[in-house]
Amino acid sequence: MELSILDAIQTNLGCDFLDVVMPRITALGNKGAVWIGITFLLLLFPKTRRAGVTAAIGLVLELLVCNLALKPLVARTRPCDINTAVSLLIARPRDFSFPSGHTGASFAVVSALYFRQNRLWIPGLVLAVLIGFSRLYLYVHYPSDVLAGALIGILSGWIGSLLTGSSDRIDRTK
């Protein structure tokens, strides 16, 4: 069933424009680059430092769960290795498919921003969804890989927010 969803994306949405754009969008998530960069910027400024620490914790947790624990444990073959008729627009990823680390890192930072009440979560969510979709469009992840990555990322960002305190708002009545 999941391959049929990927095939439907290829059939119904595949076009020259997305063939150029989707590899660029997915590249933003390579090794969590854009999310690490955003986290670093948040850490630089006192006003956003707690959000940066929360995002950093979320990224570390997501890395541990997705890439170091689940990928080798589940060892799921990528869809591009099952359906070799699809021409890849990016280099074939060398690790396993489940869960999507690109999506996990994306949602770890977005949820950290959300739980820290930082408005950057809104454009971050748009980018996170685009990165997750790019993994499907590029035929390197199954929908369940992307869904699991998103859920792990959200949980990682939430745990990061718990570890850094419940709110950035200062109670000035005390």
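In the predicted model, Tyr 139 is placed in the loop between α7 and α8, the latter helix spanning residues 143-163. Although Tyr 139 is not a glycine, its phi is positive, at about 65°. The relative accessibility of Tyr 139 is 0%, and because buried means under 20% relative accessible area, this residue counts as buried. A positive phi in a residue other than glycine is also found at Ala 75, where the angle is near 50°. Ala 75 belongs to the loop between α4 and α5, and with a relative accessible area of 33% it is partly exposed. A further backbone feature concerns the peptide bond from Phe 98 to Pro 99, which is cis, with omega near -10°; Pro 99 itself is part of the loop between α5 (79-82) and α6.

With respect to the overall fold, the secondary structure of the protein chain consists of eight helices and zero strands, giving the pattern α-α-α-α-α-α-α-α when read along the sequence. The radius of gyration of the protein chain is 17 Å, close to the 16 Å that the globule rule gives for 174 residues, and the chain is therefore as compact as a globular protein of that length. Along the principal axes, the C-alpha atoms of the protein chain fill a box of roughly 65 × 35 × 25 Å. Of the 174 residues, 42% count as buried. When contacts between residues at least 6 apart in sequence are considered, 81% of them join residues at least 24 apart.

Helix α7, which comprises residues 121-137, contains several residues for which the surroundings can be described individually. Gly 124 is located in this helix and is buried, with a relative accessible area of 9%. Apart from its neighbours within four places in sequence, Gly 124 is in contact with Trp 35 and Val 110. The C-alpha atoms of Gly 124 and Ser 111 are separated by 9.1 Å in space, the two residues being 13 residues apart in sequence. Ser 134 also lies in helix α7, where a relative accessibility of 0% places this serine among the buried residues. When residues up to four places away in sequence are not counted, Ser 134 touches Met 22, Ile 25 and Thr 26.

Three aromatic pairs are present in the structure. In one of them, Tyr 114 and Trp 121 are arranged edge-to-face, with a distance of 5.0 Å centre to centre and an angle of 85° between the planes; the assignment follows because planes over 60 degrees apart count as edge-to-face. Both partners are partly exposed, Tyr 114 with a relative accessible area of 44% and Trp 121 with a relative accessibility of 26%. In another pair, the rings of Phe 133 and Tyr 137 have their centres 6.3 Å apart and their planes at 45°, so this pair is tilted. Phe 133 and Tyr 137 both lie in helix α7 and are four residues apart, about one turn of the helix. The two rings belong to residues of unlike exposure class, since Phe 133 is partly exposed at a relative accessible area of 24%, whereas Tyr 137 counts as buried at 2% relative accessibility. In addition, Tyr 114, Phe 115 and Trp 121 form one aromatic cluster.

The pockets of the model were also examined. The largest pocket has a volume of about 570 Å³ and is lined by 23 residues, of which Gly 29, Asn 30, Lys 31, Asn 67 and His 102 lie nearest its centre. The elements that contribute two or more residues to this lining are α4 (49-74) and α6 (101-115), and the largest share, six residues, is supplied by α4. Sorted by class, the lining of the largest pocket is made up of eight nonpolar, seven polar and eight charged residues.

Terms used
Residues numbered from 1 in each chain as written. Predicted model: local features only at pLDDT ≥ 70, side-chain atom pairs only at ≥ 80, totals over all residues. Heavy atoms only, no water. 1 Å grid on protein atoms, 1.4 Å probe; cavity = no way out; pocket = protein on both sides within 12 Å on 5 of 7 lines; lining within 4 Å. Points joined across faces, edges and corners; volume = space filled by probe spheres on them. Nonpolar A, V, L, I, M, F, W, Y, C, P; charged D, E, K, R; others polar. Phe/Tyr/Trp six-rings, centres within 6.5 Å; stacked < 30°, edge-to-face > 60°. Buried < 20%, exposed > 50% of the residue type's maximum accessible area, 1.4 Å probe, protein only. Contact = heavy atoms within 4.5 Å. Rg over C-alpha atoms; globule rule 2.2 N^0.38 Å.
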